[in-house]
Amino acid sequence: MREHRSISIADQIFEQLEHDILSGKYARGETLSELRLSNELGVSRTPVREAIRRLEQENILEESGRGMIVVGITHEDMMDMYEIRMEVESLAARRAAERITDVELKEMRNILDLQQFYLGKGGADSSNQIRNLDSQFHDLLYRCSGSKVYYNVLHSLHKKITKFRMASVSKQSRAKASIAEHEAIYEALAAHDGDRAYAAAVQHMNNARDSMAGMEL
């Protein structure tokens, strides 16, 4: 029982630190120590040590001899990830068109309706809600592909560009266009048209990548 609890805490610390790094709370080049993170998170150093090891394996942190240095995700990394997503996510969308159920379509419709609602409200909080719903939309799309491999690859890539997505959806024009692109993907899925779903996903990834091409954070 104690072992299970230790693993659970380590997982939670990993998720928290990963989010904090990818969202920009800890700046690229910043030094993080076990002691500092243990104090900030209010936990022992053991789960922090495990989380740091996993973040190092993910190439988000690296050992410098003076402590762990935040590597994060560079602009070049982000562009490479979009190139990969354009290839893989479009295939996932094609597979999802063949497998998606009425229940899953209803769930996706609810996500899109909420995005439209928050788009109409505007403001910083609405931008955060739209970004969270964007994650839900893509997560559902990956699940509907029916492939754990597709899901794991795409979910990881989508999560790693959190900081860039935050900046992108804060622009009303891009948020509006992104939601329209989601609608096009949804319509193709609802029609169970794999080729159209593939093309809509390619267009969405291409437009998202282009909107971030000149972005430096």
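**Exercise 1. In what order do the three strands of the open sheet lie, and with what pairing?**

Before we start, a word on the model: this is a predicted model, where local features need pLDDT of at least 70, side-chain atom pairs count only at pLDDT 80 or more, and totals for chains, interfaces and linings use all residues. Residues are numbered from 1 along each chain as its sequence is written, and side-chain values use heavy atoms, with hydrogens and water left out.

*Solution.*
- Step 1: Find the strands, which are DSSP runs of E with at least two residues, numbered from the N terminus; helices are runs of H or I with at least four residues.
- Step 2: Read the order, which is β1-β3-β2 with antiparallel pairing. Two strands pair if DSSP finds at least two bridges between them.
- Step 3: Look at the edges. β1 (31-32) and β2 (61-63) each have a single partner strand, so one side of each has no neighbour in the sheet.
- Step 4: Check one pair. β2 and β3 (residues 68-70) run antiparallel and are joined by three bridges. Here Glu63 stands opposite Met68 in β3.

**Exercise 2. Work out how the protein chain is built and how compact it is.**

*Solution.*
- Step 1: Count the elements: the protein chain has 10 helices and three strands.
- Step 2: Follow them from the N terminus; the run is α-β-α-α-β-β-α-α-α-α-α-α-α.
- Step 3: Compare sizes. The radius of gyration, taken over C-alpha atoms, is set against a globule rule of 2.2 Å times the number of residues to the power 0.38. The protein chain has 19 Å, close to the 17 Å that the rule gives for 217 residues, so it is as compact as a globular protein of that length.
- Step 4: Add the box: along the principal axes, the C-alpha atoms fill roughly 55 × 40 × 30 Å.
- Step 5: Turn to contacts, meaning heavy atoms within 4.5 Å. Among those between residues at least 6 apart in sequence, 74% join residues at least 24 apart.

**Exercise 3. Is Ile185 buried or exposed, and which residues is it in contact with?**

*Solution.*
- Step 1: Place the residue: Ile185 belongs to helix α9 (residues 172-190).
- Step 2: Apply the cut-offs: buried is under 20% relative accessible area, exposed is over 50%, and partly exposed lies in between (1.4 Å probe, protein chains only). Ile185 has 0% relative accessibility, so it counts as buried. Across the 217 residues of the protein chain, 43% count as buried.
- Step 3: List the partners. Leaving aside neighbours within four places in sequence, Ile185 is in contact with Phe137, Ala200, Ala201 and His204.
- Step 4: Take one of them further: Ala201 is 16 residues from Ile185 along the chain, and their C-alpha atoms are separated by 6.3 Å.
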